[in-house]
Amino acid sequence: MKFSERLYENVLPIWQKNHAHPFVQGMGDGSLDKNKFRFYMIQDYLYLIEYAKVFALGAVKATDLKTMGKFATLLDSTLNEEMELHRQYAKKFSVTLEELEAAKPSPTTLAYTHYMLHVSQNGTLAELVAALLPCMWSYWEIGKDLNSREGASEHEFYGEWISMYASEEFGQLATWCIDLMDELTGGKPEVELEKLEEIFLNTTRFEYMFWDMAFNEKMWPTDE
Ligand SMILES: Cc1ncc(C[n+]2csc(CCO)c2C)c(N)n1
């Protein structure tokens with residue numbers, strides 16, 4: 001069994017919970033409250049700024065030019081394609097770029113991005129890939145799932161989001177990352193694989209928490 005298949009099997013119950021989450025379901029049938037999506041979009045913008053740095057660290061840790069180039073491409077597509085979609089959505093909500101960038105991260109955004117950056121800065125390239133893979137892989141799965149529902153990709157508000165994550169281009173990026181995880185783990189001892197499995201599980205848990213945080217528009221409980 002490929003290591004990526006083992007990772008997938010291990011987190012499948014959580015991914016099923018992601019798909020069933022009212023935030024994800026609400027995007028699929030168009031019933032999601034726009035204020036919840038607005039909250040998500042702003043937090044996701046902050047998340048992507050930090051996430052882009054994980055790709056930059058991937059380019060630093062890569063040991064061949066091909067992998068280095070791919071991380072550079074991912075850095076570029078996050079900053080200029082994925083974040084561009086967020087900027088367009090922000091416009092629809094009359095949120096300016098300054099407001100977007102000055103927004104404060106929620107506890108979940110802070111915990112998730114700091115965890116990923118901690119692993120990426122201190123760990124091996126395989127550990128960095130294990131930390132970022134659930135983000136790419138689970139979004140692709142969710143995008144494909146929502147895209148298969150009739151009319152979802154044409155929805156006037158959530159359609160663009162669904163189309164982007166279900167796209168062939170995103171699929172190729174996710175596949176590249178899955179293959180890299182398998183390449184980097186070939187012949188690795190079980191103790192190292194278990195460490196990678198735990199990192200992958202943790203960022204998978206954070207993905208679920210991110211949906212839940214957005215659905216509940218959860219900032220610091222001390223400020224409520
Ligand atoms: C919380 C959260 N998790 C995952 C993604 C999806 N995502 C982030 S970077 C990237 C790859 C290339 O840009 C993908 C698919 C997101 N937007 N927000």
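Here are some numbered notes on this structure, which is a predicted model.

1. Overall fold. UniProt, in an unreviewed entry, lists residues 10-216 as "domain: Thiaminase-2/PQQC". Over that range the chain is 83% helix and 0% strand, and the C-alpha atoms at its two ends sit 27 Å apart.

2. Ligand shell. There are 15 residues around the ligand, and the ones that come nearest are Thr-78, Glu-82, Cys-135, Tyr-139 and Phe-210. Several helices chip in with two or more residues each: α3 (34-61), α4 (65-92), α7 (125-147), α9 (168-185) and α10 (190-215). Sorted by class, the shell comes out as ten nonpolar, two polar and three charged residues.

3. Helix α10, geometry. This helix runs for 26 residues and covers 38 Å from first C-alpha to last. At 1.5 Å a residue you would expect 38 Å, so the helix is close to its expected span. Just past the end of α10, Glu-217 takes a positive phi of about 45°; see point 8 for more on that residue.

4. Helix α10, burial. Plenty to look at here: the buried residues are Leu-196, Ile-199, Phe-200, Thr-203, Thr-204, Phe-206, Glu-207, Phe-210, Trp-211, Met-213 and Ala-214. Their cover includes α1 (3-20), α2 (22-29), α3, α6 (107-122), α7 and α9. Phe-210 is worth a second glance, as it is buried in α10 and is also among the residues that come nearest to the ligand.

5. Glu-207. The UniProt annotation "active site", again from an unreviewed entry, covers this residue. Glu-207 belongs to helix α10. Is it buried or exposed? Glu-207 counts as buried because it has 22 C-beta neighbours inside 10 Å, and the cut-off for buried is 20 or more. Setting aside residues up to four places away in sequence, Glu-207 touches Asn-18, Pro-134, Cys-135 and Ser-138. Note Cys-135 in that list: this residue also turned up among those nearest to the ligand.

6. The nonpolar core. The largest one has 60 residues. Which residues have the most contacts inside it? They are Val-129, Ala-130, Leu-132, Leu-133, Met-136 and Cys-177. Helix α7 supplies the largest share of this core, with 14 residues. Take Val-129 as an example: ignoring neighbours within four places in sequence, it is in contact with Cys-177, Leu-180, Met-181 and Leu-184.

7. Asp-76. Going back to helix α4, Asp-76 lies in it. Asp-76 is exposed because 12 other C-beta atoms lie within 10 Å, and exposed means 12 or fewer. Its C-alpha atom is 9.8 Å from that of Ala-56, with the two positions 20 residues apart along the chain.

8. Positive phi angles. Two spots to check if you care about the backbone. Ser-94 is not a glycine, yet its phi is positive, at about 60°. Ser-94 is in the loop between α4 and α5 (97-102), and it counts as exposed because it has 8 C-beta neighbours inside 10 Å. The other is Glu-217, also a residue other than glycine, with a phi near 45°. Glu-217 belongs to the segment after α10. Why is Glu-217 partly exposed? It has 14 other C-beta atoms within 10 Å, and therefore falls between the limits of 12 or fewer for exposed and 20 or more for buried.

Key:
Residues numbered from 1 in each chain as written. Predicted model: local features only at pLDDT ≥ 70, side-chain atom pairs only at ≥ 80, totals over all residues. Near = placed C-beta within 6 Å. Helix = DSSP H or I, 4+ residues; strand = E, 2+ residues; numbered from the N terminus. Nonpolar A, V, L, I, M, F, W, Y, C, P; charged D, E, K, R; others polar. Contact = placed C-beta atoms within 7 Å. UniProt positions renumbered as here; feature names shortened; annotations may be inferred. Core = buried A, V, L, I, M, F, W, Y, C linked by C-beta atoms within 7 Å.
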